[in-house]
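Colleague: Please take me through one part of this model in detail. I would like the two sheets, the helices that lie on them, and then whatever sits around the ligand.

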Amino acid sequence: MTATICGTGSYIPSYTMDNHDIARLVETSDEWIRERTGVIRRHIVRDETTVSMAAEAARRALADAGAALEEIDLILVSTISSNVVLPCAACEVQKELGAVNATCFDLSAACTGFVLAYNTALAYLASGVCRTALIIGSESLSNLTNWKDRGTCILFGDGAGAAVLRADAAEEDRLRKHYLPVTHSDGGKGAALTCKSRHDFSGLNGGGKEISPEDILDDAHYMQMDGQAVFKFAVKRVPEVIGEVLELNQVKTDEISYYILHQANKRIVEAVAKRLGEPMEKFPMNLQEYGNTSSASIPILLDEMNRDGRLKPGQKLVMAGFGAGLTWGAAIIEWR
Ligand code: COA
């Protein structure tokens, strides 16, 4: 059994902060940020939440797929920045949409999250447990950003992207190849990119200390990153895992139309292209407009390419995500 992406959608908050706005908060410059990251501006939530963006991206994906709400039997939301702890964001999305037949749960794997949500949905569809899945990456990273830390606040943005996956009918199934994904994790190197839960009181009351709001929202409750370590990890592991997924599925680089990478940094995308020996035209980017939106970046890019006609039936695409955990992975998609 195989499955096909048959619709995409995204939601981007309208409020923007450009690099000049950031330079008013921390010691940096538009020139420095553009040169080191490629980011020019990022969109930031105002009235939106992770759940509301997820639901809007989902509505657009369902419309693009021509899918009925009753058809959806699985909703997965990949997020590290949900505005709700309970119920999970996927259940909140189900409620907003009225997709009453869906089983819903969240997945937390940072910037590899959308690739893992895709793989999880594929496994559910391939096993026959479900027939139509809605997978969403939605992030309000601005809530986890320390706006006093120039090493991180220049990078991130908010947004959501979604895709509808349908199990192929028996006759399509015989024609279509089933591509296996490749994913990896290295928890031992997790210290490179961390963010303590706002609900983590460990270490505070352990010493018999009173808990105060100042303690709870110290710097560790925002994203903290060893930028160079993450950069080195990405430029080594992403080309490696793309090589692995191509070899596993006996696909050659010249068969791939586009590599849809997590949009973290222009220099990372360029380094991956160089290591694979592939031209930059095969590596679409939109990070200049949105910054790094973690698990939303791949589905937002996929949706833009779907809507502007860059994606054509039969094309083979590689999706590759990487980030906190550390986690990384790649999957091959054949466009519908
Ligand atoms: N503006 C101006 N100067 C800055 C700066 C900023 N925003 N941030 C750091 N600097 C300074 C540093 O203090 C340092 O100064 P020094 O040489 O006087 O000590 C200098 O710039 C170089 O710092 P460095 O950390 O080596 O910069 P870099 O080239 O590694 O770029 C990142 C920093 C964060 C842009 C880069 O490491 C990166 O993108 N890493 C990957 C991060 C990522 O993608 N994370 C998410 C993965 S999912």
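Modeller: Here is the walk-through, from the overall fold to the sheets, the loops and the ligand.

This is a predicted model. The protein chain holds 11 helices and 13 strands. Its C-alpha trace spans about 65 × 45 × 40 Å along the principal axes. The radius of gyration is 19 Å; a compact globule with 336 residues would have one near 20 Å, so the two agree.

Start with the five-stranded sheet. This sheet is open, and its strands come in the order β1-β7-β6-β4-β5. The pairing is mixed. Which strands stand at the edges? They are β1, residues 3-11, and β5, residues 103-107. Each has a single partner strand, so one side of each is left without a neighbour in the sheet. On average, neighbouring strands here are turned by 15 degrees against each other, with direction ignored.

Now look inside that order. Strand β4 covers residues 74-78, and strand β6 covers residues 132-140. The two pair in the parallel sense, over five bridges. One pair of residues makes a good landmark. Isoleucine 75 has leucine 134 in β6 as its bridge partner. In general, strands of a sheet pair through backbone hydrogen bonds, either parallel or antiparallel.

A helix crosses this sheet. Helix α11, residues 297-307, lies across β1, β6 and β7, the last being residues 158-167. Helix α11 runs at about 100 degrees to β1. Keep this helix in view, as it returns below.

Next comes the four-stranded sheet. Its order is β8-β13-β12-β11. This sheet is open too, with mixed pairing. At the edges stand β8, residues 182-185, and β11, residues 256-261. Each of these has a single partner strand, so one side of each has no neighbour in the sheet. Neighbouring strands in this sheet are turned by 15 degrees against each other on average, direction ignored.

Take the β11 edge. Strand β11 runs parallel to strand β12, residues 316-323, and five bridges join them. Here tyrosine 259 stands opposite valine 318 in β12.

Two helices need mention at this sheet. Helix α8, residues 227-248, packs on it and touches β8, β11, β12 and β13, the last being residues 327-334. The direction of α8 makes about 40 degrees with that of β13. Helix α11 packs on this sheet as well, touching β11 and β12. Its direction makes about 140 degrees with that of β11. So to place α11, take both contacts together: α11 lies across β1, β6 and β7, and α11 also touches β11 and β12.

The loops hold some backbone details to check. A cis peptide bond joins leucine 86 to proline 87, with omega about -10 degrees. Proline 87 sits in the loop between β4 and α4, residues 89-97. Another cis peptide bond runs from glycine 325 to leucine 326, with omega near -5 degrees. Leucine 326 belongs to the loop between β12 and β13. Then there is alanine 110. Its phi is positive, about 50 degrees, although alanine 110 is not a glycine. This residue lies in the loop between β5 and α5, residues 113-126.

Finally, the ligand. How many residues surround it? There are 22, and the closest are Thr28, Arg36, Arg150, Gln228 and Asn265. Some polar distances fill in the picture. A polar side-chain atom of threonine 28 is 2.6 Å from a nitrogen atom of the ligand. In tryptophan 32, an N or O atom of the side chain is 3.5 Å from a ligand nitrogen atom. Arginine 150 places a polar side-chain atom 2.9 Å from an oxygen atom of the ligand. On its own the ligand has 950 Å² of accessible area, and the protein covers 72% of it.

Notes. Residues numbered from 1 in each chain as written. Predicted model: local features only at pLDDT ≥ 70, side-chain atom pairs only at ≥ 80, totals over all residues. Heavy atoms only, no water. Pairing = 2+ DSSP bridges. Axes fitted to C-alpha atoms, helices over the stretch in contact; angles between N-to-C directions. Contact = heavy atoms within 4.5 Å. Near = heavy atom within 4 Å. Polar contact = N/O pair within 3.5 Å; in protein donor to acceptor, adjacent residues only side chain to side chain. Areas by Shrake-Rupley, 256 points an atom, 1.4 Å probe, with all protein chains shown as cover. Rg over C-alpha atoms; globule rule 2.2 N^0.38 Å.
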